[in-house]
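Reader: Could you walk me through the terms used for this model, and how each one is justified?
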Amino acid sequence: MTTPEAPIRLLLADDHPVVRAGLRAVLETEPDFDVVADVATAEQAVDLAARLEVDVVLMDLQFGGRMLGSQATAALTARDEAPRVLVLTTYDTDADILAAIEAGATGYLLKDAPPEELAAAVRTAAAGKSALAPTVALRLMDRMRAPATSLSRRETEVLQLVADGLSNARISKRLFLSQATVKSHLVHIYSKLGVDSRTSAVAAATAQGLIRR
């Protein structure tokens, strides 16, 4: 969609007005960027990206609405002529990173990144190349180095829901799994983390930055 002469067209998706205003102010100083819209919900991002010619969507992960940033990312990247999605968030846990990457995000950056790093990441994403914050890249490399002890995408998802206070029955309904499968995931989680209870598993995973509390 982008030609060398054309500006990179951006859509900003974040539920905090101050954050959106700040991002717009920073990005509009770049001569090759055109911020075509900013929205407060993931649903709006999916809808507008389908109607506007957008090259890169800067996507937060947590919104006040029903749709998460990772779900919006999956919806966006599944389309023909899909825009690139650059996740821009405060969260750097395995649960968030894996959800975003699996959904098809081209890049993953933290909101404390300096303006020049943000601009460079946008250009990298627009070119179809991976743009990962150094801390995020390090976490992914650590997982690759020790796959046997790393929680799988599903195990991380299950444990995040445990941390959110959901029972096995509610987790099974949320993830469309049998309760036996949920219990099996928990057994594997306990083994990998070296714990023997839900509380200990949540504490250990939180300390390791695997899930959010």
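Author: Gladly; here is a short exchange on confidence, compactness and the largest pocket. This is a predicted model, where local features need pLDDT of at least 70, side-chain atom pairs count only at pLDDT 80 or more, and totals for chains, interfaces and linings use all residues. Residues are numbered from 1 along each chain, and side-chain values use heavy atoms, without hydrogens and water.

Reader: How do you know what confidence the chain has?
Author: By pLDDT, the predictor's confidence in each residue, from 0 to 100. The chain averages 91, and 97% of the residues score at least 70.

Reader: What makes the chain as compact as a globular protein of that length?
Author: The globule rule is 2.2 Å times the number of residues to the power 0.38, and the radius of gyration is taken over C-alpha atoms. For 213 residues the rule gives 17 Å and the chain has 18 Å, which is close, so the description holds.

Reader: What share of the chain counts as buried?
Author: Buried means under 20% relative accessible area with a 1.4 Å probe, protein chains only; 43% of the 213 residues qualify.

Reader: How is the lining of the largest pocket split by class?
Author: It has 9 nonpolar, 5 polar and 7 charged residues. Asp, Glu, Lys and Arg count as charged; Ala, Val, Leu, Ile, Met, Phe, Trp, Tyr, Cys and Pro as nonpolar; the others, Gly among them, as polar.

Methods:
Buried means under 20% relative accessible area, exposed over 50%, partly exposed in between (1.4 Å probe, protein chains only).
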